[in-house]
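I opened this notebook to keep track of what I looked up, one topic at a time. The entries follow in the order I made them.

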Amino acid sequence: MARLEETTADGRTMMRQTPATAEAQTANATLARKMRRRGEESRLWWLVPTIYIIFLMLPIYWLVNMSFKTNQEILGAFSLWPRNPTIANYMVIFTDPSWYKGYINSIIYVVMNTVISVAVALPAAYAFSRYRFLGDKHLFFWLLTNRMAPPAVFALPFFQLYSAFGLIDTHIAVALAHCLFNVPLAVWILEGFMSGVPKEIDETAYIDGYSFPRFFLRIFMPLIASGVGVACFFCFMFSWVELLIARTLTTTAAKPIAAIMTRTVSASGLDWGVLAAAGVLTILPGALVIWFVRNYIAKGFALGRV
Amino acid sequence: MDRTWNNKAWFMVLPVLLLVAFSAVIPLMTVVNYSVQDTFGNNVFFWAGSEWFEEILHSDRFWEAMGRNLVFSAVILVIEIPLGIFIALNMPKKGWGVPVCLVLMALPLLIPWNVVGTIWQVFGRVDIGLLGYSLRSLGFDYNYVNDPFDAWVTVIVMDVWHWTSLVVLLCYAGLVSIPDAYYQAAKIDGASRWAIFRYIQLPKMNRVLLIAVLLRFMDSFMIYTEPFVVTGGGPGNTTTFLSIDLVKLAIGEFNLGEAAAMSIVYFLIIMLLSWVFYTVMTAYDAER
């Protein structure tokens with residue numbers, strides 16, 4: 001880093017000393033162009049993200065392609081696009097309650113989990129970012145370890161715990177179980193955003209006679225709104241993609257779509273078209289959510305707290 | 001930021017504490033319970049001491065799964081981290097390309113894990129999958145169901161497909177936070193592309209890279225759903241990683257004592273690694 005500081009300083013002095021004549025400016029521009037050719041990236045830089053995105057899209061394209069084919073076509077002839085596009089596979093899903101209920105179940109518990117996680121994480125994150133208290137560092141570390149806990153370790157104990165409370169096969173059971181890794185995550189993300197808000201704002205508000213709840217809702221929340229958005233996004237994401245725990249805790253009434261899919265693969269003689277259509281439909285909510293938060297994603301990652 | 005000492009802040013942390021205690025401590029206690037007891041059935045348990053732990057630590061099966069998992073994590077890191085940095089360096093900096101790249105790259109991260117498995121299971125099939133069919137037509141003897149090497153390649157490529165974007169996004173976030181002045185200074189100095197990377201971009205990405213390495217290590221160390229859907233741990237046991245083995249032991253064979261002991265060993269390893277990570281992170285933050 002020391003070397004970098006030097007170069008910056010050199011750069012500035014050099015700029016200042018340059019006389020503002022037209023000749024010098026042209027010379028400077030030529031120099032800069034030469035430097036750019038040597039130092040900057042080549043013109044083919046766009047190839048890298050393009051190839052990477054093609055690599056990412058290929059398996060998804062194949063899934064979409066399959067979802068518009070009939071089962072005979074999938075198994076019979078190999079083709080890069082559906083010869084006779086059909087939406088029959090999607091109709092199966094939208095008309096059969098055992099299929100579309102899976103989506104509703106998934107969305108119910110994911111939303112419940114996001115709301116619970118962010119709601120309890122808000123005051124805790126505030127406490128971590130503003131106060132020191134007995135055992136704060138240990139507590140923070142302990143929360144972090146839960147983000148790293150392998151779901152496989154918890155699957156069986158969760159089943160027994162929620163059986164004891166009679167909560168098996170309910171949405172709330174899955175929502176609470178997913179709090180295991182989402183609450184620590186939400187606390188972590190929100191703490192980062194809250195620490196970015198100067199403490200003077202709190203103090204001024206208290207002097208102005210705001211009570212804590214009023215201050216928190218009226219002044220503080222708008223300031224960290226993007227942080228709440230980022231936290232919601234990641235809670236949604238991790239609850240939506242998790243399956244091991246969700247599958248263990250549900251049997252029929254709250255079964256997530258992803259689990260219904262695997263069951264159909266193994267049981268009903270491999271209806272590839274419907275399977276592909278169901279897969280495509282599980283990708284859509286994620287794509288929609290990303291589109292809405294696209295401007296915040298980089299910011300959320302920038303905190304390095306995911 | 002200097003924080004005031006106030007023990008009343010505990011009340012704000014209380015909801016989180018109760019919730020996480022309910023969903024983490026109670027289940028863990030059940031695991032501890034099982035790990036030190038044995039049963040002959042009928043819900044009658046007796047004290048077994050450290051028997052299960054000795055058994056698990058002396059079982060080849062556990063160490064083999066551990067070895068496979070470590071090799072898997074190492075391969076994943078070696079591929080994904082440099083690839084992620086390389087792609088992040090070549091991302092567009094402004095204009096319409098930025099949101100398009102971000103959204104398309106983040107897409108695999110939001111696909112449910114077993115759907116990721118299903119996508120690749122179909123994609124790699126030699127009869128109906130694009131990848132398997134193309135490889136076959138090109139004359140490769142590719143079959144991830146029977147051939148351990150092909151199964152490994154499939155699982156690794158799948159993980160690269162699934163998670164490299166996380167590294168890309170993290171690095172990209174680190175890169176966009178570098179002020180333009182740094183690049184201008186480097187340009188005037190005539191710094192080479194490598195020098196810019198080595199002395200400007202890499203130091204700025206240090207922190208996010210640390211997180212990327214840790215997250216990728218942790219998540220690949222507890223990977224379950226994706227390889228399970230694609231290969232089911234096979235052929236044979238060649239893609240049976242720790243989590244798959246654990247679930248097999250606990251739910252498949254209902255060998256609760258051994259599974260519980262394994263869970264604890266597994267969890268302690270993760271805990272140790274988290275601690276190292278946390279210490280390094282806080283030390284790094286304090287330095288700045």
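**Entry: Ala106(B).** I began with Ala106(B), which sits in helix H4 (residues 97-106) of chain B. This is a predicted model, so I keep in mind that what I read here is computed. I counted 25 other C-beta atoms within 10 Å of Ala106(B), and it is buried because the cut-off is 20 or more. I then looked up its separation from Phe22(B): the two are 84 residues apart along the chain, and their C-alpha atoms are separated by 32 Å.

**Entry: confidence.** I checked how far chain A can be read. Its mean pLDDT is 79, and 80% of its residues reach 70 or more. Residues 1-20 of chain A have a pLDDT below 50, and this stretch has 18 contacts in the model beyond near neighbours in sequence. Where pLDDT is low, the predicted coordinates should not be read in detail. I left that stretch alone.

**Entry: chain A overall.** I noted 15 helices and one strand in the secondary structure of chain A. Of the 306 residues in chain A, 42% are buried. I also looked at contacts in chain A between residues at least 6 apart in sequence, and 80% of these join residues at least 24 apart.

**Entry: H12(A).** Does the length of this helix agree or disagree with its residue count? Helix H12 of chain A runs over residues 225-241, which is 17 residues, and at 1.5 Å a residue it should span 24 Å. I found its end C-alpha atoms 25 Å apart, which agrees. H12(A) is mostly covered, with twelve of its 17 residues buried. Among them I listed Phe233(A), Phe234(A), Phe236(A), Phe238(A) and Trp240(A). Ala231(A) is another of the buried residues of H12(A), and I met it again in the next entry.

**Entry: nonpolar cores.** The largest nonpolar core has 158 residues. Those touching the most other members are Ala121(A), Ala124(A), Ala186(A), Val187(A), Leu190(A), Cys171(B) and Leu246(B). H9(A) gives the largest share of this core, 17 residues. I followed Ala121(A) further, leaving aside its neighbours within four places in sequence: it is in contact with Val183(A), Ala186(A), Val187(A), Leu190(A), Ala231(A) and Val16(B). A second, separate core has six residues, including Ala185(B), Ile188(B), Ile196(B) and Ile200(B).

**Entry: Asp169(A).** I looked at a loop of chain A. Asp169(A) lies between helix H8 (151-164) and helix H9 (171-195). Its phi is positive, about 70°, although it is not a glycine. Is Asp169(A) buried or exposed? It counts as partly exposed because it has 16 C-beta neighbours inside 10 Å.

**Entry: where the chains touch.** I counted 90 residues from chain A and 92 residues from chain B in the contact. On the side of chain A that touches chain B, helix H15 (residues 272-302) gives the most, with 15 residues. By class, that side of chain A has 69 nonpolar, 13 polar and eight charged residues.

**Entry: H6(B).** Helix H6 of chain B covers residues 130-137, and Leu130(B), Leu131(B) and Gly132(B) in it are buried. What do they pack against? The buried residues of H6(B) pack against helix H3 (47-67) of chain A together with helix H5 (113-124) of chain B. After H6(B) comes Gly139(B), whose phi is positive, near 95°.

**Entry: Met222(B).** Met222(B) lies in the loop between helix H9 (193-221) and helix H10 (225-231) of chain B. With 23 other C-beta atoms within 10 Å, Met222(B) is buried. Leaving aside neighbours within four places in sequence, I found Met222(B) in contact with Pro150(A), Ala152(A) and Ser243(B). Met222(B) and Leu28(B) are 194 residues apart in sequence and 17 Å apart in space, C-alpha to C-alpha.

**Entry: the record for chain B.** I turned to UniProt, where an unreviewed entry places "domain: ABC transmembrane type-1" at residues 66-277 of chain B. In the model this span is 76% helix and 0% strand, and its end C-alpha atoms lie 20 Å apart. The unreviewed entry also carries the annotation "transmembrane region", with 70-89 and 264-284 among the stretches covered in chain B. Residues 70-89 of chain B are 100% helix and 0% strand, with end C-alpha atoms 28 Å apart. Residues 264-284 of chain B are also 100% helix and 0% strand, and there the end C-alpha atoms are 30 Å apart.

Note on methods: Residues numbered from 1 in each chain as written. Chains lettered and ligands numbered in written order. Predicted model: local features only at pLDDT ≥ 70, side-chain atom pairs only at ≥ 80, totals over all residues. pLDDT = per-residue confidence, 0-100. Contact = placed C-beta atoms within 7 Å. Helix = DSSP H or I, 4+ residues; strand = E, 2+ residues; numbered from the N terminus. Expected span 1.5 Å × (residues − 1). UniProt positions renumbered as here; feature names shortened; annotations may be inferred. Core = buried A, V, L, I, M, F, W, Y, C linked by C-beta atoms within 7 Å. Nonpolar A, V, L, I, M, F, W, Y, C, P; charged D, E, K, R; others polar.
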